[in-house]
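User: I'd like to practise reading burial and helix faces on a model. Can you walk me through it?

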Amino acid sequence: MKQHSHALPATRHARTMDDVYRYQRFIYDLTRKYYLFGRDTLLGSLEIPDGARVLEIGCGTGRNLVMAARANPQALFYGVDISAQMLKTASAKAAKAGIGERVITVAGDAETFDARRSFQLAGFQRVFFSYSLSMVPDWQRAFSNALDQLDPGGQLHIVDFGEMEHWPGFARRSMRKWLAGFHVEPRAGMTRIVETLATQRGFSTSARALAGGYAVLIAVSRDPVAMKPLSVDTADDDASFIHKMIP
Ligand SMILES: C[S@@+](CC[C@H](N)C(=O)[O-])C[C@H]1O[C@@H](n2cnc3c(N)ncnc32)[C@H](O)[C@@H]1O
C-alpha cells in the first residue's frame with residue numbers, strides 16, 4: 001500500500017482513536033465481522049466503474065478497501081483515517097494482498113481534510129463511510145466535507161449504526177452502552193439529517209434500515225437513477241445472527 005503521511009494529527013480525538021485501536025487493531029477484523037453489519041452490502045452497491053477512484057473515509061484496518069480493490073482490479077482506492085495505528089494495519093494488509101500499488105492511505109481528520117489536495121486528484125467517483133460517522137465528533141461536518149470530494153457524477157455511500165428503533169428497549173440500551181465504551185454513538189436522525197444536508201446541495205438520497213434499525217444504508221448522488229437500489233442480501237453479510245435477536 002502506498003503511504004502518504006501517517007503522521008498523527010495532534011488532536012485529542014486522534015489520540016483517543018489511537019488509544020482505542022492500539023491493540024484492538026490486531027483482533028479488529030475478526031471481532032467486528034459479527035457486528036459491523038451491512039458492510040458487504042455497501043460494497044456490493046458501489047458498482048465501481050472501471051478506472052474509478054474510490055475513497056473510504058475512516059478506512060480503519062483497510063478491510064473494505066482491500067476487498068473492493070480485489071473485486072475491482074481496474075479501479076484505484078484511497079483511504080483516510082485519523083488513527084495512525086489503524087493505518088499501520090491497513091498498509092500491511094494491502095501489501096500482503098499484493099495490491100499495495102492500488103491502495104493508498106493517508107492520515108487525516110474527516111471533518112477537515114481535503115482528499116483531493118492530499119492525493120493530488122480532481123475528485124472521486126465513489127466516496128464511502130463504513131461505521132465511521134458514528135465515531136467522528138462533528139459527523140455532519142464530515143459528511144458535508146465528503147460531498148466536496150466527489151466528482152460531479154460521483155456517489156457517496158454510508159453504512160452505520162441506526163437507532164435500533166424496532167429493538168426491545170433493554171436490548172437497545174445495552175447495545176448503546178456497550179458501543180459507548182468504544183467511543184461509538186449511533187447518530188440520532190442520521191437518515192433525515194443526511195437527506196436534508198444533501199438536498200440543500202442538490203443531491204438525492206436513498207436509504208434503508210437493516211435488522212430492525214440496527215444499521216442504516218444511505219446512498220447519495222446527483223443522479224438518483226444511476227444509483228443501484230439498496231437491497232439487502234443477508235447471505236453476503238457476516239452478521240445474519242442479528243436478525244435472530246430482534247422480534
Ligand atoms: C469502527 S472503525 C470502522 C473502520 C472501517 N471503516 C470498517 O468498516 O471496518 C471507525 C474508524 O473511523 C476512524 N475515525 C474516527 N474518527 C475519525 C475522524 N475524525 N477522521 C477520520 N477517521 C476517523 C477510526 O480511527 C476508525 O479507524
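Analyst: Let's start with Ala-95, which sits in helix H5. Keep in mind that this is a predicted model.

User: Is Ala-95 buried, exposed or partly exposed, and why?

Analyst: The general idea is to count neighbours: a residue is buried with 20 or more other C-beta atoms within 10 Å of its own, and exposed with 12 or fewer. Ala-95 has 16 C-beta neighbours inside 10 Å, so it counts as partly exposed. As for distance across the chain, the C-alpha atoms of Ala-95 and Val-66 are separated by 9.6 Å, although their positions lie 29 residues apart along the chain.

User: Which residues of H5 are buried?

Analyst: In H5 the buried ones are Gln-85, Met-86, Leu-87, Thr-89, Ala-90, Ser-91 and Ala-94. Just past the end of H5, Gly-98 has a positive phi of about 75°.

User: How do I check the length of H5 against what a helix should span?

Analyst: Use the rise of 1.5 Å a residue: the 13 residues of H5 (84-96) should span 18 Å, and the end C-alpha atoms are 18 Å apart, which agrees.

User: Now helix faces. What should I look for?

Analyst: An α-helix has 3.6 residues a turn, so residues three or four places apart point the same way. Try that on H9, residues 190-200, where Met-190, Thr-191, Val-194 and Ala-198 are buried. Looking down the axis of H9, these buried residues fall within an arc of 95°, so they line one face of the helix. The other side of H9 carries the exposed Arg-192, Thr-196, Thr-199 and Gln-200.

User: What do the buried residues of H9 pack against?

Analyst: Their partners are helix H7 (139-148) and the strands E6 (150-161), E7 (204-210) and E8 (215-221). Right after H9 comes another glycine to look at: Gly-202, with a positive phi of about 85°.

User: And the ligand: how many residues surround it, and which are the closest?

Analyst: The shell holds 23 residues, with Gly-58, Gly-60, Ser-83, Ala-110 and Ser-130 the closest. By type, the shell splits into ten nonpolar, seven polar and six charged residues. Helix H1 (12-24), helix H4 (63-71) and strand E3 (76-81) each give at least two residues to the shell.

User: Zooming out, what does the whole chain look like?

Analyst: The chain has ten helices and eight strands. Of its 247 residues, 43% are buried. Taking contacts between residues at least 6 apart in sequence, 75% join residues at least 24 apart.

Note on methods
Residues numbered from 1 in each chain as written. Predicted model: local features only at pLDDT ≥ 70, side-chain atom pairs only at ≥ 80, totals over all residues. Helix = DSSP H or I, 4+ residues; strand = E, 2+ residues; numbered from the N terminus. Arc of directions from axis to C-beta. Contact = placed C-beta atoms within 7 Å. Near = placed C-beta within 6 Å. Nonpolar A, V, L, I, M, F, W, Y, C, P; charged D, E, K, R; others polar. Expected span 1.5 Å × (residues − 1).
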